[in-house]
Amino acid sequence: MKKYWILLMMIAVGMSCGKIKQKSKEAINKTGEAAGKGAGEFFEGVADGVEKTLECNIVISEKLKESGLRSGAYQVSSDSKQDFAKVLSMYFIFDKDFDTEVTVKTTNEQGLETGRSKSRVTGKMGESSYTDFVFDKRTEIGNKATIEFQ
């Protein structure tokens with residue numbers, strides 16, 4: 001009879017261990033899932049923060065706006081053909097026929113001018129296009145810069 005109880009106890013303990021093991025596995029999976037989701041949200045937040053930190057303030061003068069010019073997206077790159085000059089590619093939207101030489105001035109976060117460039121901007125009403133403005137390679141168009149079109 002004693003052997004019977006011992007055998008019964010061993011079976012019960014074995015079954016309990018299996019349930020404990022399964023519950024532990026489920027808890028670990030849920031914790032891992034929560035941690036992964038939290039990490040994903042963290043990195044998404046960091047990316048959004050970095051993007052907002054690097055955003056430039058685009059300003060189109062009232063005169064250019066009245067002439068039918070609006071701004072869209074932009075990008076800054078280096079051009080190896082021009083001794084790695086900085087190139088600002090600006091996407092313009094034309095609300096009226098437009099053909100004017102436009103000056104762009106960049107200032108840093110402290111309000112200090114960092115560069116100027118001119119380029120002819122042309123487009124027909126209802127169209128849009130990119131225009132490149134070439135700057136000296138030392139021009140910094142970085143974090144929180146203001147890019148002003150005049």
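**Exercise 1.** By the ring-pairing rule, to what number does the count of aromatic pairs come?

*Solution.* The model is predicted, so local features need pLDDT of at least 70 and side-chain atom pairs count only at pLDDT 80 or more, whereas totals for chains, interfaces and linings use all residues. Residues are numbered from 1 along each chain as its sequence is written, and side-chain values use heavy atoms, with hydrogens and water left out. Rings of Phe, Tyr and Trp (its six-membered ring) pair if their centres lie within 6.5 Å, and planes under 30 degrees apart count as stacked, over 60 as edge-to-face and the rest as tilted. The count comes to five aromatic pairs.

**Exercise 2.** Classify the pairs that F92 makes with F133 and with F149, and place them in the chain.

*Solution.* Step one: the ring centres of F92 and F133 are 6.3 Å apart and the planes stand at 80 degrees, so this pair is edge-to-face. F92 belongs to strand β3 and F133 to strand β6, strands being DSSP E runs of at least two residues, numbered from the N terminus; the two residues are 41 residues apart.

Step two: for F92 and F149 the centres are 5.3 Å apart and the planes again at 80 degrees, so this pair too is edge-to-face. Since F149 lies in strand β7, the pair ties together parts that are 57 residues apart in sequence.

Step three: F92 and F133 are buried, meaning under 20% relative accessible area (1.4 Å probe, protein chains only), and F149 is buried as well. F92, F133 and F149 form one aromatic cluster.

Conventions. Helix = DSSP H or I, 4+ residues; strand = E, 2+ residues; numbered from the N terminus. Buried < 20%, exposed > 50% of the residue type's maximum accessible area, 1.4 Å probe, protein only.
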